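Got your viewer open? Grab the mouse and let's take a short walk, one selection at a time.

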Number of protein chains: 2
Amino acid sequence: MADAAESDRLSRVFSALADPTRRDMVARLTAGDATVSELGASYDVSLQAVSKHLKVLEDAGLVSRSRDAQRRPVHLEAEVFDLMTKWIERYREQAEERYRRLDSVLAAMDDQDRDEGAAS
Amino acid sequence: MADAAESDRLSRVFSALADPTRRDMVARLTAGDATVSELGASYDVSLQAVSKHLKVLEDAGLVSRSRDAQRRPVHLEAEVFDLMTKWIERYREQAEERYRRLDSVLAAMDDQDRDEGAAS
DNA sequence: GTTGTGCTCAACCAGATGGTTGAGCAAGGA
DNA sequence: TCCTTGCTCAACCATCTGGTTGAGCACAAC
């Protein structure tokens, strides 16, 4: 099933965004592409650590890297957000649907209580 | 700043959902509350492992647990989805906004190219 | 009170993760 | 050709994570 691959993808995306530094990098990249060292300047870690973070983001498909001489400009792949949004919305809607049903059940029980009260 | 706490919260939420078993538990809970052993029946792990997963979900605020005799019914806290959706939408919108600006810049450059082409 | 059920806590283990430093490669500039 | 810049790869380390088993607690039922 293709679902296993999608689940794996989703795991990598959520896992990538579980780190505040990487979330910040994503935020930074919405303002435009940046090189590794430009990105790294904002964080108090080695360039190698920055490079590792970018690899995680790249493996999750959140980011792509091209080549410009020695530089490796990083580009945000915003479509991946859709994957997350879809997952979240699916379950949010299911949960809300259930609450609606629950509400109507409670309302019905309430009606019955009142009827029974009237009958006694 | 309250932002540090929110970032921490967001990290816990994303991290909790990075695990496919926990995502599945959340999916399962949109259908209604369940006890620990009911949830655990679907997975090939010990009850203690299930309990640990639920603790992670609870710490992230995705789930709450009450008490019913020996049972600990698990309840989905769907509002947390909002936190994620907000984060995602914020950056998605920024990214899209940037693309729109970029498009108009490219369009302008294109116009100029055409003008220059006409002038030559 | 004793026994059974549902669950959690504690200790442990293997593997992943986030950081480090050191080495090295690829491309531009002297 | 050699040096510098921008970056990655490799090895290593501490900590976290997801799993295990064993012990034990809280409540129900007998």
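Here is a tour of a predicted model, going from the protein copies to a helix pair and then to the DNA.

**Stop 1: the two copies.** Color chain A and chain B separately. Turn chain B by 180 degrees, with 0.0 Å of shift along the rotation axis, and it superposes on chain A with an RMSD of 0.1 Å. The two copies are thus related as by a two-fold rotation axis. Now look at where they touch: 100% of the interface residues of chain B are also interface residues in chain A, so the copies meet through the same surface.

**Stop 2: a helix crossing.** In chain A, select helix H2 (residues 20-29) and helix H4 (residues 47-59). Their axes come within 10 Å and cross at roughly 75 degrees, which makes H2(A) roughly perpendicular to H4(A). Show the side chains at the contact: H2(A) brings A:Thr21, A:Arg22, A:Met25 and A:Val26, while H4(A) brings A:Val50, A:His53, A:Leu54, A:Val56 and A:Leu57. Six of the residues in this contact are nonpolar, two are polar and one is charged.

**Stop 3: DNA strand C.** Next, show the protein around this strand. There are 21 residues around DNA strand C, and those that come nearest are A:Lys52, A:His53, B:Ser37, B:Ser51 and B:Arg65. Sugar and phosphate make up 57% of the strand's atoms that come within 4 Å of the protein.

**Stop 4: phosphate contacts.** Zoom in on A:His53, where a side-chain N or O atom is 2.3 Å from a phosphate oxygen of DNA strand C. Then hop to B:Arg65: one of its polar side-chain atoms lies 2.6 Å from a phosphate oxygen of the strand. Finish at B:Arg72, whose backbone N or O atom lies 3.3 Å from a phosphate oxygen of DNA strand C.

Conventions. Residues numbered from 1 in each chain as written. Chains lettered and ligands numbered in written order. Predicted model: local features only at pLDDT ≥ 70, side-chain atom pairs only at ≥ 80, totals over all residues. Heavy atoms only, no water. Axes fitted to C-alpha atoms, helices over the stretch in contact; angles between N-to-C directions. Helix = DSSP H or I, 4+ residues; strand = E, 2+ residues; numbered from the N terminus. Parallel < 35°, antiparallel > 145°, perpendicular 65-115°, else oblique. Contact = heavy atoms within 4.5 Å. Nonpolar A, V, L, I, M, F, W, Y, C, P; charged D, E, K, R; others polar. Least-squares fit on C-alpha atoms with pLDDT ≥ 70 in both. Near = heavy atom within 4 Å. Polar contact = N/O pair within 3.5 Å; in protein donor to acceptor, adjacent residues only side chain to side chain.
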